[in-house]
Amino acid sequence: SGLDRYFQVVKCFRDEDLRADRQPEFTQIDVEMSFVDENDVIEVIEGLIKKLWRIILNKELKIPFPRIAYADAISKYGLDKPDTRFELHLVDVSEIVKNSNFEVFTKVLKENGIVKAINAKGCASFSRTDIEELTSFVAIYGSKGLAWMKVTEKGLESSIVKFFDEKVQKELLKTMKAEKNDLLFFVANTSHKVVNDSLGYLRIEVAKKLKLIDNKHFSFVWVTDFPLIEYSEEEQKYAAVHHPFTAPKDEDLHLLEKEPAKIRAKAYDIVLNGTEIGGGSIRIHKSDVQSKMFSVLGISNQEAEEKFGFLLEAFKYGTPPHGGIALGLDRLVAMMTGNESIREVIAFPKNKAAESLMENAPSEASEKQ
């Protein structure tokens, strides 16, 4: 069209499970820009959000917003949409507990698993029932159990403490910055994702119980450096984390053929109070890089030509570096108005069965249709 940048407010349709912040159709602020890198896109969105908050909520936000690499977000918060309004960080204690006699931990570590923990400050008063409820809570995310230790005047107390000698206990107390009346929670699993998800969501659940979350505070953070490619056990091949047109980091390009799982993408999400409100990426604009990407993903030259021939053809004419981002407008409005569900800010939302009661849709389709 000859425009090197544009934004559109656009209706999107998705086919997936309904949640409080999901509907079958929703509205996006969609931004596409040419001759840009990640910083340009991020700067534009920060300016937009700062202006929205000033005009609508009469609040002055400090920009630039903090940035955290995906690997650090997973390491500290367990999730790629970190709620940074409170601490309660995850700590990897694998190296410490591998010297214990607690088989639940040592067996997992022998199978390349991981053991992580969080320190629930001042929670030693939690009852058995409280802990059992939290054990059931982490089971939702695949965890087979929740180990715990209370910190008392005498040191660590729990039915499992006997499996940890004095040296290991001292190391745990030091690493976890544990003090009297603290409660340490541990999750161990061969799947790193199960451990991170379980403790990541447990961290939020404990923060709610301890009333650590200030709902009037807006904490923005950019998550950057996402993985470009991941191995799909189900399909036994590599798959694009974002989509196959996401650009790899320039300094990681040399890994494309031999170690694709180590490549970081020029992708970024903006997160507000633990909720992703937008995401985007810089796209590949060179045909040789795109061809290599297709090859790693197991897309043959013939399939690439059939499905994406128009794109590969366009590259021949000198495509500029380009990228963009999409913000969820409904979700943004819901958060600005203090609503948990986007249904509260959509004129005629669908119900849980994805039906619109206002226009009695969907209706039956005839055989001919």
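Which strands form the open sheet whose pairing is antiparallel, and in what order? Select the five strands in the order β4-β5-β8-β6-β7 and you have that open sheet on screen. A strand here is a DSSP run of E with at least two residues, a helix is a run of H or I with at least four, and both are numbered from the N terminus. Two strands pair if DSSP finds at least two bridges between them.

Before going on, a word about the model. It is a predicted one, in which local features need pLDDT of at least 70 and side-chain atom pairs count only at pLDDT 80 or more, while totals for chains, interfaces and linings use all residues. Residues are numbered from 1 along each chain as its sequence is written, and side-chain values use heavy atoms, with hydrogens and water left out.

**Stop 1: the five-stranded sheet**

Colour residues 91–92 and 155–157: these are β4 and β7, the edge strands, each pairing on one side only. Now add residues 114–120, which make up β5; two bridges hold β4 and β5 together in the antiparallel sense. To see one of the partners, pick V91 and look across to A117 in β5.

**Stop 2: the second largest pocket**

Next, show V104, V108, K144, A188 and N189. Of the 16 residues lining the second largest pocket, these are the closest to its centre. Its volume is about 340 Å³. A pocket is an open set of points on a 1 Å grid over the protein atoms alone, where a 1.4 Å probe fits and protein lies on both sides within 12 Å along at least five of seven lines; lining residues have an atom within 4 Å of a point. Grid points are joined across faces, edges and corners, and the volume is the space filled by probe spheres set on them.

Select α4 (103–110) and β8 (183–189), the elements that give two or more residues to this lining. The largest share, five residues, comes from α4. Colour the lining by class and you should find nine nonpolar, three polar and four charged residues. In this count, Ala, Val, Leu, Ile, Met, Phe, Trp, Tyr, Cys and Pro are nonpolar, Asp, Glu, Lys and Arg are charged, and the others, Gly among them, are polar.

**Stop 3: the seven-stranded sheet**

Move on to the open sheet with seven strands in the order β1-β2-β14-β13-β12-β9-β3, where the pairing is mixed. At its edges sit β1 (5–13) and β3 (67–69), each pairing on one side only. From one strand to the next, the twist averages 20°. Zoom in on β3 and β9 (residues 220–224): they run parallel, joined by three bridges. A69 has T224 in β9 as its bridge partner.

Now show helix α1 (residues 38–57), which packs on the sheet and touches β2 (25–34), β3, β9, β12 (267–272), β13 (275–282) and β14 (322–328). Contact means heavy atoms within 4.5 Å. The direction of α1 makes about 20° with that of β12; axes are lines fitted to C-alpha atoms, for helices over the stretch in contact, and angles run from 0 to 180 degrees between N-to-C directions.

**Stop 4: the loops around α1**

In the loop between β2 and α1, click on F35. Its phi is near 55°, a positive value in a residue other than glycine. Then go to P64, in the loop between α1 and β3. The peptide bond from I63 to P64 is cis, with omega near 0°.

**Stop 5: a hairpin**

Finish with β10 (residues 229–232) and β11 (residues 237–240), an antiparallel pair with four bridges. I229 is matched with A240 in β11 as its bridge partner. Four residues lie between the strands of this hairpin, and Q236 takes a positive phi near 55°.
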